[in-house]
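User: I am new to this structure and would like a careful, close look at how its interior is put together. Please take me through it in one connected answer.

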Amino acid sequence: MKEWCLNNIKPDGSRYNLYTDGLKIYTTIDSRVQKFAEEAVSIHISKLQIDFYNHWKGYTNAPFPKDFEPEQIDAIIDQAMRRSVRYKRLKLQGKKINEIRDVFNKKTPMKLFSWNGKIDTILSPRDSLIYSKFFLHSGLMSMEPSTGFVKAYVGGINYENFQYDHVTSGKRQVGSTFKPFLYSLAIQEGYSPCYQVPNVPVVFDKIKWRLEKDWSPKNSGDKELEGLTLTLKYGLANSINTVTAYIMKQFGPHAVVDLAKKIGVKSKILAVPSLCLGTFDLSVYEMVGAYSTFSNKGVWVEPIFITKIEDKNGVILEKFIPESNEAMSEKTADLMVRLLQGVVDGVYSPTAKNKMGTGIRLRRTYGFKNEIGGKTGTTQNQSDGWFMGITPNLVTGVWTGCEDRSVHFRDIKNGQGANMALPIFAEFMQRVYADTLNSGIYPLPFN
């Protein structure tokens with residue numbers, strides 16, 4: 001809104017003032033749904049934070065990796081110092097860097113954020129920065145796929161203490177949450193969800209693909225499946241890297257980049273084979289908009305937060321209409337919805353007696369009975385945990401991780417998207433469905 005005010009001029013030639021001109025701003029945010037989203041983030045992250053503390057208890061360099069040298073940690077804290085409000089104020093006062101460091105190393109009374117309330121303590125500003133590095137952060141956005149209207153937007157865990165937006169400003173590695181778009185290419189070209197792919201290493205030759213060396217992505221799952229054939233449906237449900245790599249080799253990275261543009265990805269992504277594993281950074285905002293394409297019959301609709309702005313007299317100054325684009329056929333989108341449902345419902349493998357899927361705890365742990373599709377994402381070293389959830393009338397994206405990528409859970413059990421992000425989606429949707437009469441959001445089936 002501040003940018004809008006800077007770019008628009010009143011009849012008298014002056015610019016609009018957001019705070020004094022009596023502007024009426026109409027937002028798409030639903031206050032009830034927003035409350036549910038904030039509660040979901042707080043409930044899960046506060047519990048996960050306890051697990052994180054216990055996870056790192058007793059480690060020398062905590063929360064940084066044990067192989068980090070003191071110089072590496074100092075560099076991270078020094079960067080945090082330079083980004084702080086305190087540092088910027090001291091710079092404006094004309095303080096030199098050595099003087100500023102002295103201030104940051106001197107103990108002073110302060111209040112620290114905790115999930116149990118403010119902590120009154122005496123601590124050096126530098127030590128408070130180290131304290132803040134322990135915190136897990138999260139961003140959530142939920143939108144109506146047919147209109148682009150954003151119903152809930154949670155930029156972080158606590159705005160007073162962490163003034164950074166993890167929905168639009170923050171961009172993190174998306175991991176396996178990007179895989180469905182490769183599957184879309186295969187489906188669009190006539191591949192069936194039952195099409196079988198050999199679960200064997202896929203090698204990208206360094207000369208043909210212009211790489212520094214041959215590259216072959218590995219699976220992190222069941223060794224018993226090696227050498228067997230797996231369906232596309234099972235491959236997506238259980239995030240099998242070799243299946244995704246197979247698709248990438250059939251269509252190439254440029255086709256993937258072209259599709260990414262159609263589904264609203266504005267961030268720059270390179271046309272390289274590793275695209276298939278989501279090794280690039282995108283925002284929650286971009287990912288939610290992209291996933292809305294599946295629920296909206298193949299049509300991407302731009303997420304928007306504001307519908308119109310009026311002046312103090314009720315004169316409409318501007319209306320906001322979301323852009324839209326037919327990114328894939330309705331048939332492809334429908335089949336992709338079914339594939340994404342497999343992530344939540346589970347799919348039988350050639351060797352398992354039970355259905356398996358990375359999002360199956362939505363059924364088994366949280367007891368959802370309605371039709372839901374989704375995709376988990378876990379990035380390198382468990383630095384980022386994602387969950388993208390789709391229903392016919394609400395598409396929601398959740399990211400969870402620490403401020404620094406070097407700070408994370410050390411194991412996949414704790415650090416996977418199914419543990420870091422999926423529970424926030426579950427807590428959110430449970431509250432939404434418990435209040436359908438007021439929210440107007442019902443657990444509908446996909447058509």
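Among contacts in the protein between residues at least 6 apart in sequence, what percentage join residues at least 24 apart?

Analyst: The model is a predicted one, and in it 67% of the contacts between residues at least 6 apart in sequence join residues at least 24 apart. The secondary structure that frames these contacts comes to 17 helices and 16 strands. For a chain of 447 residues, a compact globule would have a radius of gyration near 22 Å, and the 23 Å of this protein agrees with that. Along the principal axes, the C-alpha atoms fill a box of roughly 65 × 60 × 45 Å. Of the 447 residues, 51% count as buried, while the protein exposes about 22000 Å², of which carbon and sulfur atoms supply 50%.

Turning to the interior itself, the largest nonpolar core has 63 residues, and those with the most contacts inside it are Phe178, Phe181, Tyr291 and Phe294. Helix 11, which spans residues 284-295, gives the most to this core, with seven residues. A second core, separate from that one, has 52 residues and includes Trp56, Phe104, Phe162 and Leu362. To see what one member of the largest core touches, consider tyrosine 291: once its neighbours within four places in sequence are left aside, tyrosine 291 is in contact with Thr177, Pro180, Phe181, Leu340, Lys375, Met388, Ile390 and Val395.

Another aromatic residue worth following is tryptophan 399, which is found in strand 16, residues 395-402. Its relative accessible area is 1%, and tryptophan 399 is therefore buried, since the word applies to values under 20%. Beyond its neighbours within four places in sequence, tryptophan 399 is in contact with His137, Ser138, Gly139, His166, Arg172, Val284, Asp384, Gly385 and Trp386. Phenylalanine 320, by contrast, is 79 residues away from tryptophan 399 along the chain, and the C-alpha atoms of the two are separated by 27 Å.

The loop between strand 7 (196-198) and strand 8 (229-231) also has a residue that is buried, namely proline 217. The relative accessibility of proline 217 is 5%, and, not counting residues up to four places away in sequence, proline 217 touches Val202, Phe204, Thr242, Ala245 and Leu277. The C-alpha atoms of proline 217 and lysine 118 are separated by 46 Å, the two residues being 99 apart along the chain. Arginine 210 lies in this loop between strand 7 and strand 8 as well, but arginine 210 is exposed, because its relative accessible area is 80% and the term covers values over 50%. Although arginine 210 is not a glycine, its phi is positive, at about 55 degrees.

A positive phi, near 55 degrees, is also found in serine 239, a residue other than glycine. Serine 239 lies in the loop between helix 8 (232-237) and helix 9 (241-251), and at 17% relative accessibility serine 239 counts as buried. A further backbone feature is the cis peptide bond that joins alanine 62 and proline 63, with omega at about 5 degrees; proline 63 lies in the loop between helix 2 (31-56) and helix 3 (70-83).

Finally, as to charge, the protein has 57 positive and 45 negative side chains, and the centres of these two sets lie 2 Å apart.

Terms used:
Residues numbered from 1 in each chain as written. Predicted model: local features only at pLDDT ≥ 70, side-chain atom pairs only at ≥ 80, totals over all residues. Heavy atoms only, no water. Helix = DSSP H or I, 4+ residues; strand = E, 2+ residues; numbered from the N terminus. Rg over C-alpha atoms; globule rule 2.2 N^0.38 Å. Buried < 20%, exposed > 50% of the residue type's maximum accessible area, 1.4 Å probe, protein only. Contact = heavy atoms within 4.5 Å. Areas by Shrake-Rupley, 256 points an atom, 1.4 Å probe, with all protein chains shown as cover. Lys, Arg positive; Asp, Glu negative; His and termini not counted. Charge placed at Lys NZ, Arg CZ, Asp CG, Glu CD. Core = buried A, V, L, I, M, F, W, Y, C linked by side-chain atoms within 4.5 Å.
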